[in-house]
Amino acid sequence: MSSQASRTSPQAQPPQPSTGGIGRVISASLIGTTIEWYDFFLYGSAAALVFNKLFFPSSEPLVGTLLAFLTYAIGFAARPLGGLVFGHYGDKIGRKKLLVLSLLMMGGATFAMGLLPTHASIGVGAPILLTVLRLIQGFALGGEWGGAVLLVSEHGDDKNRGFWASWPQAGAPGGNLLATGVLALLAAVQSDEAFLAWGWRIPFLLSGVLVVIGLWIRVSVSETPLFLEARAKAAAQAAAGTGGPEKPPVVEVFRTNWRGVLTAIGTRLGENISYYVITAFLLVYVTTHLGLSKSAGLNAVLIGSAVHFVTIPMWGALSDRIGRRPVTLIGSLGMTGWAFAFFAMLDSKSFPVIAAAVTVGLLFHGAMYGPQAAFISEMFDTKVRYSGASMGSQLASIIGGALAPIIAVALLDDYGSSLPISIYLAAAALVTSATVLAARETRGRNLAGPYGATPVPVPGSRRADADAELTSPGN
């Protein structure tokens, strides 16, 4: 066989994207992540509004809130462990199986929260049980993100990956929209006494219904073609005795691409911190510090999350045109300045102004978050992609989202002013800006090839046009 023939043999070709079923894959990822983020964000909202009174009663309102947010942070602490375990088995046995398991774990823990007795009923046992269930939530979510974005990224094509992969990202505001909407509705139709007595349980029990819907959709999709190809290649090498001893994926990713893990952490830091300050800490700030009703904060987040949900795929599509780095920088640099305008607008105590502050803040967040799924997926090779993407993203969640509400509450308690919180938020956004500036552009990368290969020019992009001009006759 000639060398030309070997180069064009079927074994040498990358797997073709299953574009015919991309809509079903996106639906499975989006609905699953929306449900899991609904469960996770529901806890954050309840920590600010309910759990501080029912599970951590204290004579000092901010102290009870701080304790409630500590259990909120514990969920984040479990996420890297979930990312490690789910990433390992996701790289070994497939993305789909692990996504089904994560949805079952998350939904089961959230449903059980709705049945918990409070501190008034069983004393210290109530916060302990709440904390255990929060750990299960965090463990499950640690495996969800990497699997959901890879399910889409490894089914889609190189040209539109930013757009396709941004849809699971939209599950975060989708879940927040759903959780905040249910809480806002209950707050509108119930008295504060009824909401504290039993109304808060309704959103948690609804999770059981949502999980059944999510599972029905998620089990219908196929495993990603890139994973199947990588598994077949590894099996062929093992049979031929040419592959050598196989290292655990998490060991391999830190050995061969620890820079990718660090880049993922830095890329997520400003995004993660800003999101939880804008959506979770906001509820504490407007109720405890400004003395407004919880409906004001919930409805502002509701409006902002609706805009956020719609615009995240737009930011992802823009990253397919101009690159992951420029779009992320729009968000991180914009957030650096908005960190100061945000609290100044909240202090107006005007609901339209507060809603505008949240909405613009989430627009800047979306510019960081939309391209992120494709950006991080493109940093790792197929055999370690689930582990690398999960570990990078979930390690960032510990120092980012886990601590953000706690640090913000502590700063407000110590200084009685929002300025230190604005500085904290701006500093985190600058870390992301510096990380992205130091990173390489990944747009157009062929995920079937090794990381570090030259990305494929996207037709219609400036780079593709320049390449075509340089290779045209006469040049």
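Let me start with the cavities: in this model, which is a predicted one, the structure holds three cavities of 30 Å³ or more, and the one I would like to go through with you is the second largest, which has a volume of about 40 Å³.

Who lines this second largest cavity? The lining is made up of W37, F41, A172, R268, E271, N272, Y275, Y276, H365 and Y369. If we ask which elements give two or more residues to that lining, they are α2, spanning 22-54, α14, spanning 258-289, and α17, spanning 351-369. Of these, α14 gives the most, with five residues. Sorted by class, the lining has six nonpolar residues, together with two polar and two charged ones.

Now let me turn to a single residue, L196, which you will find in helix α10, the helix that covers residues 192-199. Is L196 buried, exposed or partly exposed? Its relative accessible area comes to 26%, and because buried would require a value under 20% and exposed a value over 50%, L196 counts as partly exposed.

As for its surroundings, and leaving aside residues up to four places away in sequence, L196 touches V50, K53 and L54. Where does L54 sit relative to L196 along the chain and in space? The two are 142 residues apart along the chain, and yet their C-alpha atoms are separated by 7.7 Å. I would also point out that α2, one of the elements named for the cavity lining, runs over 22-54, so that we come back, with the contacts of L196 to V50, K53 and L54, to a helix we have already met.

How values were computed: Residues are numbered from 1 along each chain as its sequence is written. This is a predicted model: local features need pLDDT of at least 70, side-chain atom pairs count only at pLDDT 80 or more; totals for chains, interfaces and linings use all residues. Side-chain values use heavy atoms; hydrogens and water are left out. Helices (H or I, at least four residues) and strands (E, at least two) are DSSP runs, numbered from the N terminus. Buried means under 20% relative accessible area, exposed over 50%, partly exposed in between (1.4 Å probe, protein chains only). Contact means heavy atoms within 4.5 Å. On a 1 Å grid over the protein atoms alone, a cavity is a set of points where a 1.4 Å probe fits but cannot get out, and a pocket is an open set with protein on both sides within 12 Å along at least five of seven lines; lining residues have an atom within 4 Å of a point. Grid points are joined across faces, edges and corners, and a volume is the space filled by probe spheres set on the points. Ala, Val, Leu, Ile, Met, Phe, Trp, Tyr, Cys and Pro count as nonpolar, Asp, Glu, Lys and Arg as charged, and the others, Gly among them, as polar.
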